[in-house]
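Notebook open, coffee poured. I'm going through one helix, the nonpolar cores and a loop residue.

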Amino acid sequence: HTTVQFLMDTCGMGPGSTFLDIGSGLGKPVLHVALHAQVQHALGIEVAHATWALAMSTLLRARGRSHLPTTPTIHYTHASVTSLANLNPCTHVYMFDIGFTPEIHAHIAALISNSPTVQYFVCYHPRRLLATGLSAEPVARTPARMSVSEEQHTAYVYRCEPSPAALYE
């Protein structure tokens, strides 16, 4: 909740935003952002089929019980982030990237660098991501407690500047 509130208060996440959770797991951040920040679109991408299926089941149950508004659009995709060619129209990207490989970090960094729409991203392993040459301005660090494991981590928030080439794609 702390990270979502920070993105709303400081990073302009709101009704005109598109939120993407890379490695969305059970989809809790996606649902939380959809309900709390009322973004235009709340998206998750998850590579593990069983985990994605659980997220879809939760989403379908919540929709069936009318716990979710008709907007924003909430969508979970079962795929690897490496299958994405771009991040458009995402404005705010979140990733609990502790277990991501250097190759996945490099792909995400390239996607962010080449995106004309990504304004902010949140990660938990900034050294690996920034080691790829990604240019981003640190905005803040916020404490984060994982809802399932109760583990304490630090979320790092960065502001992105789209590359000049990305603006003309």
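Which residues of helix α2 (residues 28-36) are buried? I'm working from a predicted model here. I looked them up and got V30, L31, V33 and A34. Next I looked down the axis of α2: the buried residues fall within an arc of 165°, so they line one face of the helix.

Then I checked what those residues pack against. The list is α1 (2-10), β1 (18-22), β2 (41-46), α3 (49-64) and β3 (73-78). I also noted the backbone just after α2, where Q38 takes a positive phi of about 50°.

On to the cores. The largest nonpolar core has 25 residues, and M13 and I74 have the most contacts inside it. I went through the elements that give two or more residues to this core: α1, α2, α3, β3, β5 (120-123) and β7 (152-160). My helix α2 gives the largest share, 4 residues.

What does M13 touch, leaving out residues up to four places away in sequence? I found V4, L7, M8, F19, V33, A37, V39 and H92. V33 is also one of the buried residues of α2.

Apart from the largest core lies another one, of 20 residues. I45, C90, L111 and I112 are among them.

Last entry: is A131 buried or exposed? I had it in the loop between α5 (126-130) and β6 (136-145). Its relative accessibility is 64%, and the cut-off for exposed is over 50%, so A131 counts as exposed. I also looked up its separation from A109: 22 residues in sequence and 9.3 Å in space, C-alpha to C-alpha.

Note on methods:
Residues numbered from 1 in each chain as written. Predicted model: local features only at pLDDT ≥ 70, side-chain atom pairs only at ≥ 80, totals over all residues. Heavy atoms only, no water. Buried < 20%, exposed > 50% of the residue type's maximum accessible area, 1.4 Å probe, protein only. Arc of directions from axis to C-beta. Contact = heavy atoms within 4.5 Å. Core = buried A, V, L, I, M, F, W, Y, C linked by side-chain atoms within 4.5 Å.
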